[in-house]
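Let's take a friendly tour of a protein model. Have the sequence and the 3D view ready, and follow along.

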Amino acid sequence: MSLPSARCPAVLVTAPASGQGKTTVTAALARMHTRQGRRVRVFKYGPDFLDPHWHQLASGAPVHQLDLWMTGEADARARLHAAAQECDLILVEGVMGLFDGAPSAADLAERLGLPVLAVVDASAMAGTFGALAFGLQHYRPGLRWAGVLANRVASSRHAQMLEDGLRESAPWLGALVRVSVDGAAGPQAGKAAGLLPERHLGLVSAQELPDGMARLDAAADALAATPLGQMALADWQARWSVDFAAPDPAADAPEAPLLQGRTVAVARDAAFCFIYDANIDCLRRMGAQVVFFSPLMDAALPPCDALWLPGGYPELHAQQLAANAPLRASLQAHVAAGKPVWAECGGMMALCESITQADGACQPLWGLLPGAATLQRRLAGLGPQQLDWGGQVLRGHTFHYSTLASGAPEVARTARPGEASAPGAGEALYRHGSIHASYFHAWFPSSPAAVAALLGGPVVAEAP
(Lines give C-alpha, C1' and ligand atoms only; values in the text may rest on other atoms or scores of the structure.)
Protein backbone atom coordinates (compact mmCIF):
# COMPACT_ATOMS: atom_id res chain seq x y z
CA MET A 1 0.00 0.00 0.00
CA SER A 2 1.53 3.31 -1.07
CA LEU A 3 1.89 6.24 1.30
CA PRO A 4 0.02 9.49 0.65
CA SER A 5 1.86 12.55 -0.61
CA ALA A 6 2.85 15.21 1.91
CA ARG A 7 2.11 18.89 1.36
CA CYS A 8 4.40 21.56 2.77
CA PRO A 9 5.61 25.04 1.73
CA ALA A 10 9.14 24.93 0.34
CA VAL A 11 11.57 27.05 -1.66
CA LEU A 12 14.88 26.52 -3.40
CA VAL A 13 17.20 29.39 -2.45
CA THR A 14 19.50 30.01 -5.39
CA ALA A 15 21.59 32.75 -7.05
CA PRO A 16 23.24 33.71 -10.34
CA ALA A 17 26.61 32.48 -9.05
CA SER A 18 28.54 31.45 -5.97
CA GLY A 19 29.29 34.13 -3.40
CA GLN A 20 25.96 35.98 -3.72
CA GLY A 21 24.87 35.22 -0.15
CA LYS A 22 22.44 32.35 -0.56
CA THR A 23 23.87 30.49 2.47
CA THR A 24 23.39 33.56 4.67
CA VAL A 25 19.84 34.08 3.41
CA THR A 26 18.93 30.41 3.84
CA ALA A 27 20.33 30.30 7.37
CA ALA A 28 18.68 33.63 8.22
CA LEU A 29 15.31 32.32 7.00
CA ALA A 30 15.74 29.15 9.04
CA ARG A 31 16.75 31.09 12.15
CA MET A 32 13.94 33.63 11.83
CA HIS A 33 11.21 31.02 11.46
CA THR A 34 12.70 28.78 14.14
CA ARG A 35 12.68 31.70 16.58
CA GLN A 36 8.97 32.08 15.81
CA GLY A 37 8.37 28.51 16.91
CA ARG A 38 8.11 26.93 13.47
CA ARG A 39 9.62 23.59 12.58
CA VAL A 40 12.07 24.16 9.75
CA ARG A 41 13.99 21.58 7.76
CA VAL A 42 16.91 22.69 5.61
CA PHE A 43 18.61 20.71 2.84
CA LYS A 44 21.74 21.48 0.85
CA TYR A 45 21.86 20.73 -2.85
CA GLY A 46 25.27 19.38 -3.81
CA PRO A 47 28.03 17.72 -1.83
CA ASP A 48 28.95 20.66 0.45
CA PHE A 49 29.94 19.81 4.03
CA LEU A 50 30.22 23.29 5.55
CA ASP A 51 27.01 25.17 4.73
CA PRO A 52 24.92 22.49 6.53
CA HIS A 53 26.72 23.30 9.81
CA TRP A 54 25.21 26.80 9.70
CA HIS A 55 21.78 25.53 8.66
CA GLN A 56 21.73 22.99 11.47
CA LEU A 57 22.64 25.67 14.01
CA ALA A 58 19.92 27.93 12.60
CA SER A 59 17.15 25.32 12.44
CA GLY A 60 18.09 22.99 15.29
CA ALA A 61 17.43 20.03 12.97
CA PRO A 62 19.63 17.65 10.95
CA VAL A 63 20.60 18.87 7.49
CA HIS A 64 21.02 16.39 4.63
CA GLN A 65 22.44 16.74 1.14
CA LEU A 66 20.36 16.37 -2.01
CA ASP A 67 22.00 15.70 -5.35
CA LEU A 68 20.33 14.24 -8.41
CA TRP A 69 23.51 12.35 -9.30
CA MET A 70 25.41 11.65 -6.06
CA THR A 71 22.48 10.84 -3.79
CA GLY A 72 19.94 10.16 -6.56
CA GLU A 73 16.47 11.48 -7.28
CA ALA A 74 14.74 8.72 -5.33
CA ASP A 75 16.76 9.54 -2.22
CA ALA A 76 15.99 13.27 -2.60
CA ARG A 77 12.28 12.60 -2.98
CA ALA A 78 12.23 10.28 0.04
CA ARG A 79 14.02 12.76 2.30
CA LEU A 80 11.80 15.67 1.28
CA HIS A 81 8.63 13.59 1.70
CA ALA A 82 9.73 12.57 5.19
CA ALA A 83 10.57 16.16 6.11
CA ALA A 84 7.25 17.45 4.79
CA GLN A 85 5.41 15.15 7.16
CA GLU A 86 7.01 16.66 10.25
CA CYS A 87 7.81 20.32 9.58
CA ASP A 88 6.14 23.66 8.79
CA LEU A 89 8.42 24.68 5.93
CA ILE A 90 11.35 23.36 3.90
CA LEU A 91 14.34 25.31 2.63
CA VAL A 92 16.73 23.91 0.04
CA GLU A 93 19.94 25.83 -0.58
CA GLY A 94 21.22 25.48 -4.12
CA VAL A 95 24.80 25.14 -5.31
CA MET A 96 26.79 27.64 -7.42
CA GLY A 97 24.42 29.41 -9.85
CA LEU A 98 20.88 28.26 -10.62
CA PHE A 99 21.80 26.63 -13.95
CA ASP A 100 25.38 25.60 -13.11
CA GLY A 101 26.37 21.94 -13.04
CA ALA A 102 24.84 18.86 -14.55
CA PRO A 103 22.44 18.15 -13.01
CA SER A 104 21.88 21.69 -11.72
CA ALA A 105 19.79 23.17 -8.95
CA ALA A 106 17.31 24.19 -11.66
CA ASP A 107 16.95 20.51 -12.58
CA LEU A 108 16.04 19.68 -8.98
CA ALA A 109 13.52 22.53 -8.84
CA GLU A 110 11.91 21.47 -12.12
CA ARG A 111 11.63 17.78 -11.26
CA LEU A 112 10.25 18.34 -7.76
CA GLY A 113 8.20 21.48 -8.37
CA LEU A 114 10.16 23.66 -5.95
CA PRO A 115 9.54 27.42 -6.15
CA VAL A 116 12.78 29.29 -6.92
CA LEU A 117 13.86 32.17 -4.69
CA ALA A 118 16.81 34.02 -6.22
CA VAL A 119 19.34 35.91 -4.09
CA VAL A 120 21.33 38.50 -6.05
CA ASP A 121 24.33 40.44 -4.78
CA ALA A 122 23.27 43.94 -5.82
CA SER A 123 26.14 45.79 -4.19
CA ALA A 124 27.54 47.07 -7.50
CA MET A 125 24.48 47.39 -9.72
CA ALA A 126 21.24 49.25 -10.22
CA GLY A 127 19.13 48.80 -13.38
CA THR A 128 21.01 45.67 -14.42
CA PHE A 129 19.51 43.93 -11.39
CA GLY A 130 16.17 43.81 -13.21
CA ALA A 131 17.72 42.28 -16.32
CA LEU A 132 19.44 39.63 -14.24
CA ALA A 133 16.25 38.78 -12.36
CA PHE A 134 14.29 38.61 -15.64
CA GLY A 135 16.85 36.27 -17.15
CA LEU A 136 16.85 33.93 -14.17
CA GLN A 137 13.07 33.80 -14.20
CA HIS A 138 12.62 33.19 -17.94
CA TYR A 139 15.77 31.39 -19.07
CA ARG A 140 14.12 28.01 -18.61
CA PRO A 141 10.36 27.81 -19.11
CA GLY A 142 8.53 25.71 -16.57
CA LEU A 143 10.39 26.72 -13.43
CA ARG A 144 8.14 27.79 -10.61
CA TRP A 145 9.28 31.29 -9.62
CA ALA A 146 9.03 32.56 -6.03
CA GLY A 147 10.75 35.91 -6.43
CA VAL A 148 14.02 37.78 -6.04
CA LEU A 149 15.80 39.18 -2.99
CA ALA A 150 18.50 41.83 -3.37
CA ASN A 151 21.47 41.24 -1.07
CA ARG A 152 24.21 43.58 0.23
CA VAL A 153 22.22 46.69 -0.56
CA ALA A 154 23.66 50.06 0.50
CA SER A 155 20.58 52.10 1.36
CA SER A 156 16.82 52.46 0.99
CA ARG A 157 17.43 54.62 -2.10
CA HIS A 158 19.54 51.85 -3.61
CA ALA A 159 16.79 49.33 -2.82
CA GLN A 160 14.20 51.48 -4.57
CA MET A 161 16.37 51.71 -7.69
CA LEU A 162 16.65 47.93 -7.75
CA GLU A 163 12.92 47.38 -7.33
CA ASP A 164 12.13 49.96 -10.02
CA GLY A 165 14.27 48.00 -12.49
CA LEU A 166 12.19 44.83 -12.22
CA ARG A 167 9.78 43.76 -14.95
CA GLU A 168 6.50 41.97 -14.39
CA SER A 169 6.87 42.35 -10.63
CA ALA A 170 9.35 39.47 -10.37
CA PRO A 171 8.02 39.43 -7.50
CA TRP A 172 10.14 41.69 -5.30
CA LEU A 173 10.93 40.04 -1.95
CA GLY A 174 12.94 42.91 -0.58
CA ALA A 175 16.45 44.17 -0.04
CA LEU A 176 18.81 42.81 2.58
CA VAL A 177 21.15 45.55 3.74
CA ARG A 178 24.69 44.47 4.47
CA VAL A 179 24.87 43.68 8.20
CA SER A 180 27.60 42.88 10.67
CA VAL A 181 27.53 40.59 13.67
CA ASP A 182 26.95 43.52 16.02
CA GLY A 183 23.81 44.45 14.09
CA ALA A 184 25.32 47.45 12.32
CA ALA A 185 23.92 48.03 8.86
CA GLY A 186 25.06 49.92 5.79
CA PRO A 187 27.59 49.77 2.99
CA GLN A 188 30.57 49.24 5.29
CA ALA A 189 29.01 46.87 7.82
CA GLY A 190 30.57 43.43 7.82
CA LYS A 191 32.67 44.33 4.80
CA ALA A 192 36.01 43.13 6.15
CA ALA A 193 35.21 39.52 6.90
CA GLY A 194 31.56 38.99 6.02
CA LEU A 195 28.79 37.93 8.37
CA LEU A 196 29.65 34.27 7.72
CA PRO A 197 33.46 34.22 7.29
CA GLU A 198 35.20 32.09 4.65
CA ARG A 199 38.51 30.35 4.02
CA HIS A 200 40.00 28.10 1.35
CA LEU A 201 37.43 25.28 1.40
CA GLY A 202 34.37 27.44 2.03
CA LEU A 203 32.64 28.92 5.04
CA VAL A 204 34.20 28.67 8.47
CA SER A 205 32.24 26.01 10.34
CA ALA A 206 29.58 27.31 12.72
CA GLN A 207 31.02 25.22 15.56
CA GLU A 208 34.31 27.08 15.38
CA LEU A 209 32.82 30.51 16.09
CA PRO A 210 31.62 31.22 19.65
CA ASP A 211 29.36 33.97 18.28
CA GLY A 212 27.85 31.82 15.54
CA MET A 213 24.30 32.19 16.86
CA ALA A 214 24.74 35.95 17.23
CA ARG A 215 25.73 36.10 13.57
CA LEU A 216 22.62 34.18 12.58
CA ASP A 217 20.42 36.38 14.75
CA ALA A 218 21.86 39.51 13.10
CA ALA A 219 21.06 38.08 9.66
CA ALA A 220 17.57 37.01 10.79
CA ASP A 221 16.85 40.47 12.23
CA ALA A 222 17.84 42.10 8.95
CA LEU A 223 15.70 39.68 6.93
CA ALA A 224 12.69 40.28 9.19
CA ALA A 225 12.44 43.84 7.82
CA THR A 226 11.94 42.66 4.21
CA PRO A 227 8.69 41.63 2.50
CA LEU A 228 10.01 38.06 2.55
CA GLY A 229 10.66 38.26 6.27
CA GLN A 230 7.22 39.68 6.98
CA MET A 231 5.34 36.87 5.23
CA ALA A 232 3.18 34.83 7.57
CA LEU A 233 3.21 31.05 7.42
CA ALA A 234 -0.23 31.21 5.81
CA ASP A 235 1.30 33.24 2.98
CA TRP A 236 3.98 30.58 2.47
CA GLN A 237 1.33 27.90 2.41
CA ALA A 238 -0.82 29.78 -0.11
CA ARG A 239 2.03 30.71 -2.48
CA TRP A 240 4.73 28.06 -2.16
CA SER A 241 3.20 24.78 -1.02
CA VAL A 242 4.57 21.67 -2.72
CA ASP A 243 3.05 18.19 -2.87
CA PHE A 244 5.90 15.78 -2.19
CA ALA A 245 5.11 12.34 -3.57
CA ALA A 246 5.63 9.36 -1.33
CA PRO A 247 8.61 7.13 -2.18
CA ASP A 248 8.11 3.72 -3.69
CA PRO A 249 8.08 1.25 -0.75
CA ALA A 250 9.92 -1.29 -2.91
CA ALA A 251 12.83 1.16 -3.30
CA ASP A 252 13.17 1.55 0.46
CA ALA A 253 14.53 -1.92 1.16
CA PRO A 254 16.53 -2.27 4.39
CA GLU A 255 20.31 -2.35 4.13
CA ALA A 256 21.96 -5.75 4.32
CA PRO A 257 23.67 -6.18 7.72
CA LEU A 258 27.14 -6.15 6.13
CA LEU A 259 28.75 -4.60 9.22
CA GLN A 260 26.76 -6.48 11.82
CA GLY A 261 28.87 -7.05 14.92
CA ARG A 262 31.50 -4.46 13.97
CA THR A 263 32.31 -1.26 15.78
CA VAL A 264 33.40 1.59 13.52
CA ALA A 265 35.28 4.49 15.12
CA VAL A 266 34.79 7.86 13.40
CA ALA A 267 37.08 10.85 13.92
CA ARG A 268 35.01 13.95 14.61
CA ASP A 269 36.32 17.31 15.77
CA ALA A 270 37.48 20.64 14.33
CA ALA A 271 40.16 18.88 12.27
CA PHE A 272 37.84 16.15 10.93
CA CYS A 273 34.41 17.63 10.32
CA PHE A 274 33.51 16.70 6.72
CA ILE A 275 30.92 14.07 7.59
CA TYR A 276 27.62 13.42 5.88
CA ASP A 277 24.99 12.55 8.48
CA ALA A 278 23.60 10.13 5.90
CA ASN A 279 26.90 8.22 5.98
CA ILE A 280 26.58 7.70 9.73
CA ASP A 281 22.98 6.59 9.27
CA CYS A 282 24.11 4.17 6.55
CA LEU A 283 26.73 2.57 8.79
CA ARG A 284 24.13 2.04 11.49
CA ARG A 285 21.61 0.57 9.03
CA MET A 286 24.34 -1.86 8.01
CA GLY A 287 24.48 -3.05 11.61
CA ALA A 288 27.62 -1.21 12.73
CA GLN A 289 27.99 0.36 16.13
CA VAL A 290 29.38 3.86 15.52
CA VAL A 291 31.59 5.51 18.12
CA PHE A 292 33.19 8.95 17.83
CA PHE A 293 36.54 10.23 19.02
CA SER A 294 38.64 13.36 18.71
CA PRO A 295 42.18 13.01 17.32
CA LEU A 296 42.87 16.47 18.73
CA MET A 297 41.84 15.69 22.30
CA ASP A 298 41.72 11.92 22.90
CA ALA A 299 44.78 9.87 23.88
CA ALA A 300 43.57 6.62 22.29
CA LEU A 301 41.11 5.16 19.85
CA PRO A 302 37.95 3.78 21.38
CA PRO A 303 37.69 -0.02 21.16
CA CYS A 304 36.80 -0.69 17.52
CA ASP A 305 37.09 -3.08 14.58
CA ALA A 306 37.49 -0.43 11.89
CA LEU A 307 38.32 3.25 11.62
CA TRP A 308 37.01 6.06 9.39
CA LEU A 309 39.07 9.25 9.14
CA PRO A 310 36.89 11.75 7.26
CA GLY A 311 38.03 14.97 5.64
CA GLY A 312 38.36 18.32 7.32
CA TYR A 313 41.12 20.76 8.17
CA PRO A 314 44.13 18.81 9.49
CA GLU A 315 46.38 21.50 7.99
CA LEU A 316 44.97 24.03 10.48
CA HIS A 317 45.65 21.72 13.41
CA ALA A 318 48.76 19.89 12.20
CA GLN A 319 50.95 20.83 15.15
CA GLN A 320 48.38 19.70 17.72
CA LEU A 321 47.71 16.46 15.83
CA ALA A 322 51.44 15.67 15.62
CA ALA A 323 51.92 16.46 19.32
CA ASN A 324 49.30 13.87 20.36
CA ALA A 325 51.83 11.03 20.56
CA PRO A 326 49.55 8.67 22.55
CA LEU A 327 46.85 8.88 19.89
CA ARG A 328 49.41 8.23 17.14
CA ALA A 329 50.60 5.14 19.03
CA SER A 330 47.00 3.93 19.29
CA LEU A 331 46.52 4.42 15.55
CA GLN A 332 49.75 2.56 14.85
CA ALA A 333 48.61 -0.37 17.00
CA HIS A 334 45.28 -0.45 15.15
CA VAL A 335 47.08 -0.65 11.79
CA ALA A 336 49.64 -3.17 13.06
CA ALA A 337 46.77 -5.42 14.12
CA GLY A 338 45.53 -5.43 10.52
CA LYS A 339 42.33 -3.56 11.37
CA PRO A 340 40.94 -1.57 8.43
CA VAL A 341 41.21 2.19 8.03
CA TRP A 342 39.30 4.26 5.47
CA ALA A 343 40.80 7.76 5.17
CA GLU A 344 39.23 10.49 3.03
CA CYS A 345 41.06 13.63 1.91
CA GLY A 346 42.04 15.37 5.17
CA GLY A 347 42.04 12.03 6.94
CA MET A 348 44.54 10.77 4.37
CA MET A 349 46.68 13.90 4.79
CA ALA A 350 46.86 13.36 8.56
CA LEU A 351 48.16 9.82 8.03
CA CYS A 352 51.06 11.07 5.90
CA GLU A 353 54.61 11.70 7.00
CA SER A 354 54.31 15.49 6.74
CA ILE A 355 52.33 18.39 5.41
CA THR A 356 53.81 21.50 3.85
CA GLN A 357 51.68 24.59 4.24
CA ALA A 358 51.11 27.12 1.45
CA ASP A 359 53.71 29.40 3.06
CA GLY A 360 56.36 26.66 2.89
CA ALA A 361 56.30 25.64 6.56
CA CYS A 362 56.60 21.85 6.97
CA GLN A 363 54.98 19.96 9.85
CA PRO A 364 55.54 16.24 10.54
CA LEU A 365 52.32 14.25 10.98
CA TRP A 366 51.40 10.68 11.93
CA GLY A 367 53.64 8.94 9.40
CA LEU A 368 51.40 5.89 8.96
CA LEU A 369 51.02 6.35 5.20
CA PRO A 370 54.10 6.88 3.01
CA GLY A 371 54.26 10.30 1.42
CA ALA A 372 53.90 14.00 2.02
CA ALA A 373 51.04 16.42 1.41
CA THR A 374 51.56 19.95 0.11
CA LEU A 375 49.04 22.78 0.34
CA GLN A 376 48.74 25.13 -2.63
CA ARG A 377 46.73 28.26 -3.27
CA ARG A 378 44.89 26.87 -6.30
CA LEU A 379 42.33 24.09 -6.43
CA ALA A 380 43.88 20.70 -7.13
CA GLY A 381 40.66 18.70 -7.45
CA LEU A 382 36.97 19.53 -7.81
CA GLY A 383 33.84 17.77 -9.01
CA PRO A 384 31.73 14.61 -8.85
CA GLN A 385 33.60 11.30 -8.88
CA GLN A 386 32.78 7.61 -8.72
CA LEU A 387 34.91 4.75 -7.47
CA ASP A 388 34.59 1.21 -8.83
CA TRP A 389 35.69 -0.99 -5.94
CA GLY A 390 35.32 -4.73 -6.20
CA GLY A 391 32.62 -4.43 -8.82
CA GLN A 392 30.65 -2.00 -6.66
CA VAL A 393 30.41 1.70 -7.56
CA LEU A 394 30.59 4.34 -4.86
CA ARG A 395 29.51 7.85 -5.77
CA GLY A 396 30.94 10.99 -4.24
CA HIS A 397 33.07 14.00 -5.02
CA THR A 398 36.49 15.61 -4.67
CA PHE A 399 37.42 19.10 -3.48
CA HIS A 400 40.94 19.86 -2.27
CA TYR A 401 43.75 22.40 -2.40
CA SER A 402 46.58 19.99 -1.57
CA THR A 403 48.54 17.42 -3.52
CA LEU A 404 50.02 14.14 -2.29
CA ALA A 405 53.27 12.49 -3.29
CA SER A 406 53.12 8.90 -2.02
CA GLY A 407 54.92 5.67 -2.71
CA ALA A 408 51.95 3.62 -1.52
CA PRO A 409 50.47 1.35 -4.21
CA GLU A 410 47.53 2.70 -6.20
CA VAL A 411 44.85 0.02 -6.31
CA ALA A 412 42.15 2.02 -8.14
CA ARG A 413 41.30 5.45 -9.50
CA THR A 414 38.07 7.38 -9.49
CA ALA A 415 36.37 8.64 -12.63
CA ARG A 416 33.88 11.30 -13.55
CA PRO A 417 30.23 10.22 -13.86
CA GLY A 418 29.68 7.96 -16.83
CA GLU A 419 33.39 7.64 -17.63
CA ALA A 420 35.82 4.78 -17.13
CA SER A 421 38.82 5.26 -14.85
CA ALA A 422 42.12 6.03 -16.56
CA PRO A 423 45.74 6.31 -15.40
CA GLY A 424 46.51 9.81 -14.18
CA ALA A 425 42.85 10.87 -14.16
CA GLY A 426 40.54 11.19 -11.20
CA GLU A 427 41.78 10.46 -7.68
CA ALA A 428 44.05 7.61 -6.66
CA LEU A 429 42.96 5.03 -4.10
CA TYR A 430 46.04 4.05 -2.10
CA ARG A 431 46.47 0.89 -0.06
CA HIS A 432 49.16 0.51 2.58
CA GLY A 433 48.68 -2.47 4.85
CA SER A 434 45.16 -2.21 6.23
CA ILE A 435 44.85 1.45 5.18
CA HIS A 436 42.81 2.56 2.17
CA ALA A 437 43.08 6.28 1.48
CA SER A 438 42.03 8.76 -1.20
CA TYR A 439 41.08 12.37 -1.80
CA PHE A 440 37.68 10.95 -2.77
CA HIS A 441 34.75 11.76 -0.43
CA ALA A 442 32.29 8.86 -0.59
CA TRP A 443 28.51 8.95 -0.27
CA PHE A 444 28.07 5.67 1.61
CA PRO A 445 24.40 4.98 0.72
CA SER A 446 25.35 4.79 -2.98
CA SER A 447 27.07 1.43 -2.36
CA PRO A 448 26.96 -0.06 1.13
CA ALA A 449 28.72 -3.16 -0.19
CA ALA A 450 31.74 -1.11 -1.27
CA VAL A 451 31.81 0.63 2.11
CA ALA A 452 31.68 -2.73 3.87
CA ALA A 453 34.65 -3.90 1.78
CA LEU A 454 36.67 -0.81 2.72
CA LEU A 455 35.83 -1.26 6.40
CA GLY A 456 36.54 -4.97 6.56
CA GLY A 457 33.28 -6.67 5.62
CA PRO A 458 30.95 -8.73 7.80
CA VAL A 459 32.04 -10.49 10.95
CA VAL A 460 30.98 -14.12 11.23
CA ALA A 461 30.08 -14.94 14.80
CA GLU A 462 31.83 -17.98 16.28
CA ALA A 463 29.72 -20.95 17.31
CA PRO A 464 29.19 -21.20 21.06
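## Two helices side by side

Helix 1 makes a right-handed crossing as it passes helix 2. Keep in mind that you're looking at a predicted model. Helix 1 covers residues 22-35 and helix 2 covers residues 51-59. Their axes lie 8 Å apart, and the packing angle is about 15 degrees. Angles under 35 degrees count as roughly parallel, so that's what we call helix 1 and helix 2.

Who's doing the touching? On the helix 1 side you'll find T23, T26, A27, A30, R31 and T34, and they meet D51, H55, A58 and S59 of helix 2. Sort the residues of this contact by character and you get three nonpolar, five polar and two charged.

## Cysteines without a bridge

How many disulfides does a search of the whole structure find? The count is zero. Take C87: its closest cysteine sulfur belongs to C8, 3.9 Å away. A disulfide needs the two sulfur atoms within 2.5 Å, so the sulfur of C87 is too far away for a bond.

C87 is also buried, with a relative accessible area of 9%. Another cysteine, C345, is buried too, at 6%.

## A look at L307

Now hop over to strand 13, which runs over residues 306-309 and holds L307. Is L307 buried or exposed? It's buried, with a relative accessible area of just 1%.

Leaving aside residues up to four places away in sequence, L307 touches A265, F293, L301, L331, H334, P340, V341, W342 and L455. You can also find T263, which sits 44 residues from L307 along the chain, with 8.6 Å between their C-alpha atoms.

Technical notes. Residues numbered from 1 in each chain as written. Predicted model: local features only at pLDDT ≥ 70, side-chain atom pairs only at ≥ 80, totals over all residues. Heavy atoms only, no water. Buried < 20%, exposed > 50% of the residue type's maximum accessible area, 1.4 Å probe, protein only. Axes fitted to C-alpha atoms, helices over the stretch in contact; angles between N-to-C directions. Helix = DSSP H or I, 4+ residues; strand = E, 2+ residues; numbered from the N terminus. Parallel < 35°, antiparallel > 145°, perpendicular 65-115°, else oblique. Left-handed = near helix turned anticlockwise from the far one by under 90°. Contact = heavy atoms within 4.5 Å. Nonpolar A, V, L, I, M, F, W, Y, C, P; charged D, E, K, R; others polar.
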